[in-house]
Amino acid sequence: MPDSKSRDLFPGALEMMILRLLKQEQMHGYALVQRIQQASNNLLQVEEGSLYPALQRLLKEGLVDAEWGVSATNRRVRIYRLTPAGARHLTRQLSSFARMFQGINLVLEMGDA
């Protein structure tokens, strides 16, 4: 039975958030999960089962790069960073999302007129 308070994201939202966070600084997967939770005031919960496939897609598309490093807790982690192609893709996606959000808002506000 689906949770009525489902926090499912629309397609592409997770990738857009990952790219946006990596634009600020490079980080490993667990740090991305934590940052998304913090930035959303815990409204968004990203599971590893969603995060790592998204990171793999971004790697395959050349939008992020990764290298092995060591975390603050001295664990071996893969550290991701935004590529120039990823930065350009993010700009296009944010613009497209803003237009879509504006259109949705216009439709939703029709009932209040």
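Which residues is Ser71 in contact with, leaving aside its neighbours within four places in sequence? I began my notes on this predicted model with that point.

**Entry on Ser71.** I looked up the residue's place and found Ser71 in the loop between strand S2 (64-70) and strand S3 (76-82). Leaving aside neighbours within four places in sequence, I recorded contacts of Ser71 with His28 and Val77. I then asked whether Ser71 is buried or exposed. Its relative accessibility is 13%, and buried means under 20%, so I entered Ser71 as buried.

**Entry on helices H1 and H2.** I turned next to how this pair is arranged. I noted that two packed helices are described by the angle between their axes and the distance between the axes. For helix H1 (residues 13-24) and H2, the axes come within 11 Å and cross at roughly 100 degrees. An angle of 65 to 115 degrees counts as roughly perpendicular, and I therefore described H1 and H2 in that way. On the H1 side, I listed Leu14, Met17, Ile18, Leu21 and Leu22 as making the contact; on the H2 side, I listed Leu32, Arg35 and Ile36. Sorted by class, the contact of H1 with H2 holds seven nonpolar residues, one charged residue and no polar ones.

**Entry on Asn42.** I located Asn42 in the loop that joins helix H2 (29-39) to helix H3 (48-60). Its relative accessibility is 46%, so I entered Asn42 as partly exposed. I also looked up a distance from this residue: the C-alpha atoms of Asn42 and Leu82 are separated by 24 Å, and the two residues lie 40 residues apart along the chain.

Note on methods. Residues numbered from 1 in each chain as written. Predicted model: local features only at pLDDT ≥ 70, side-chain atom pairs only at ≥ 80, totals over all residues. Heavy atoms only, no water. Helix = DSSP H or I, 4+ residues; strand = E, 2+ residues; numbered from the N terminus. Buried < 20%, exposed > 50% of the residue type's maximum accessible area, 1.4 Å probe, protein only. Axes fitted to C-alpha atoms, helices over the stretch in contact; angles between N-to-C directions. Parallel < 35°, antiparallel > 145°, perpendicular 65-115°, else oblique. Contact = heavy atoms within 4.5 Å. Nonpolar A, V, L, I, M, F, W, Y, C, P; charged D, E, K, R; others polar.
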